[in-house]
Amino acid sequence: MTEIRHPLDIHSLKIENKFASMPSEFYTQLMPTPLADPYLVAVSKPMMKSIGLDPTLVDKEFCKIFTGNQLLPDSQPLAAVYSGHQFGVWAGQLGDGRAILLGDVAASDHQHRLEVQLKGAGMTPYSRMGDGRAVLRSSIREFLCSEAMEGLGIPTSRALCITGSDQYVMREEPETSAVVTRLAPSFIRFGSFEHWYCNNRPEQLQILADFVIENYFPELQTHANPYQALLAEVTKRTAELMAHWQSVGFMHGVMNTDNMSILGLTLDYGPFGFMESFDPAHICNHTDQQGRYSYRMQPTIGQWNCHALGQAMLPLIGGVKLTQEALNDYKRQYEKKYDQLMHKKLGLFEHLENDSELIDSFFLIMQKNAADFTLTFRRLGYIMRDENSQDESIRNLFIDSDALDNWLSKYRTRLRQEQSDDSLRQQAMSKVNPKFVLRNYLAQIAIAKAQDKDFSEISKLLQILQHPYDEQPEHDSYADLPPNWASKLEVSCSS
Ligand code: AMP
Ligand code: MG
């Protein structure tokens, strides 16, 4: 049995920094820049518990520490360097322009360690034109979505808390600043590898790869070619992550290689969105005019990014052929995972020959009817195999209900083919088709209230989104279609 530490206050948090054991060229050690009079905006209780902290023991000192105004003993704050491809173009050196890594702490199960990063904690040598800050609006979105993705069961970096300050920063208009404390086993990105490759520094590239393998993929150490095995594993995780995103209609918005986690986690929440009226060409990022990162492009871009990583790892792996081998399975892995997830979403336990046609034709009528992605799948889970008494709720989402009826009749034939049991299927479907996702308008309501210093809506949303598959009838209104005003909401890279 693993020993669970008793929840304690902030002084009990023992911090180390294994990233700092790498050569100094990998980072710049520096202090966070304090923000004026920080206050607590939100805290994730499960995340607090998972690093052994008591969520009720949050005080002023806690706020100072997680704003960067005060350091925990032994923290070695640093900003890491990386590079990357942005919108398909080589962008050169980037790096933690506003994130400062404090170090890593033990998870309370003692099974792994989590890096603690302050996002918005001030300028670093990698800030370029930026001010090193994050605004309250984007911090709330990142905080809520990290924890919502965890609730959905999708690999992600996590969020511990948000602290805010009345100190203004300039965006399109002045906004108040905030710091999100993010946690993940590692924040190393594809771009961290590209950095050393493009600077023609093979020895640094190897140090980085060895560090990643030793700390996060120790099982690959005995592999005949550990670097090739690493690329293959990252490729697999990325392919599967893309399938997960597609299956819940999540759109990342800025899938640049510097935002791609080497651990296959969803990372760097910016102008993300969840699909509402289904349109595969939907672009959630207002800045992305070409639609490079539209919903339907995500799986292809995931593959493109793995190729960029493969290019960077080529000198380590020892040739094009071996590198290609590690990348080759992406499409198959993506399709396999996607197919598995879609079967679950439709409540199909068996895999039969014409299933992809059935799935594709469902998406086609969803698109033609601009049906809401989340509600459609949730309500599909209510229908019965042999009678249509429960069809009304899903029918309400389709203008052309004849088209839906037509499809439902094929679906029912398919359900009968595997003698589907209504109750078992409905139960299984409710565990994979969320009722609640972080719709832009829900985030916007919480943001507007928070800007008036009422943080209660953030906590409420957080609680709901941590259990997105539960019925939570008392929160039915949070599963509603977006109101009309929501169609005017735009999210962009400005954060
Ligand atoms: P992103 O598109 O948010 O992933 O950011 C791309 C790069 O710009 C990263 O190196 C970020 O650290 C940096 N960056 C974004 N916003 C800021 C900011 N306000 N201040 C400094 N650097 C920033
Ligand atoms: Mg980023």
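These notebook entries record what I looked up about the cores, cavities and pockets of this predicted model.

**Nonpolar cores**

I began with the largest nonpolar core, which holds 120 residues, and I noted that Phe19, Phe66, Phe193 and Ile458 are the members that touch the most other members. Looking at which element gives the most to this core, I found helix H6, residues 226–248, with 11 residues. I also checked the domains, and this core draws at least three residues from each of domain 1 (10–187) and domain 2 (191–274 + 281–340). As a general point I wrote down that nonpolar side chains in soluble globular proteins tend to be buried together.

I then followed Phe19 and listed its contacts, leaving out residues up to four places away in sequence: Phe19 touches Phe26, Tyr27, Leu78, Ala80, Leu101, Glu115, Ile188 and Phe211. A second core, separate from the one above, has 30 residues, and I marked Leu358, Met366, Leu404 and Leu408 among them.

**Cavities**

I next turned to enclosed space, where the count comes to 4 cavities of 30 Å³ or more. The largest cavity has a volume of about 130 Å³, and of the 16 residues that line it, Phe19, Ala80, Asp96, Phe187 and Ile188 are the closest to its centre. Phe19 thus appears in my notes both for this lining and for the largest nonpolar core. Which elements give two or more residues to the lining of the largest cavity? I found strand E3 (78–80), strand E7 (113–119) and helix H4 (190–198). By class, I recorded 11 nonpolar, 2 polar and 3 charged residues in this lining, and the lining draws at least three residues from each of domain 1 (10–187) and domain 2 (191–274 + 281–340).

For the second largest cavity I noted about 50 Å³ of space, lined by Arg98, Lys119, Ala134, Ser138, Ser139, Glu142, Val180, Tyr269 and Ser495. Helix H3, residues 136–152, provides the largest share of this lining, with 3 residues, and by class the lining of the second largest cavity has 3 nonpolar, 3 polar and 3 charged residues.

**Pockets**

I then looked at the open sites, and entered the largest pocket at about 810 Å³. Of the 32 residues that line the largest pocket, I listed Gln86, Arg98, Arg128, Cys493 and Ser495 as the closest to its centre. Arg98 and Ser495, which are among these residues of the largest pocket, had already come up in the lining of the second largest cavity. By class, the lining of the largest pocket has 10 nonpolar, 11 polar and 11 charged residues. Where does the largest pocket lie with respect to domain 1 (10–187) and domain 2 (191–274 + 281–340)? I placed it between them, because both domains give residues to its lining.

The second largest pocket has a volume of about 670 Å³, and of its 35 lining residues, Arg137, Glu175, Gln444, Ile447 and Gln451 are the closest to its centre. The elements that give two or more residues to this lining are strand E2 (39–43), H3, strand E9 (158–170), strand E10 (174–184) and helix H15 (440–451), and the largest share, 6 residues, comes from H15. I divided the lining of the second largest pocket by class into 14 nonpolar, 12 polar and 9 charged residues. Domain 1 (10–187) and domain 2 (191–274 + 281–340) both give residues to the lining of the second largest pocket, and I therefore entered this pocket, too, as lying between them.

Methods:
Residues numbered from 1 in each chain as written. Chains lettered and ligands numbered in written order. Predicted model: local features only at pLDDT ≥ 70, side-chain atom pairs only at ≥ 80, totals over all residues. Heavy atoms only, no water. 1 Å grid on protein atoms, 1.4 Å probe; cavity = no way out; pocket = protein on both sides within 12 Å on 5 of 7 lines; lining within 4 Å. Points joined across faces, edges and corners; volume = space filled by probe spheres on them. Helix = DSSP H or I, 4+ residues; strand = E, 2+ residues; numbered from the N terminus. Nonpolar A, V, L, I, M, F, W, Y, C, P; charged D, E, K, R; others polar. Domains from an automatic or database assignment. Core = buried A, V, L, I, M, F, W, Y, C linked by side-chain atoms within 4.5 Å. Buried < 20%, exposed > 50% of the residue type's maximum accessible area, 1.4 Å probe, protein only. Contact = heavy atoms within 4.5 Å.
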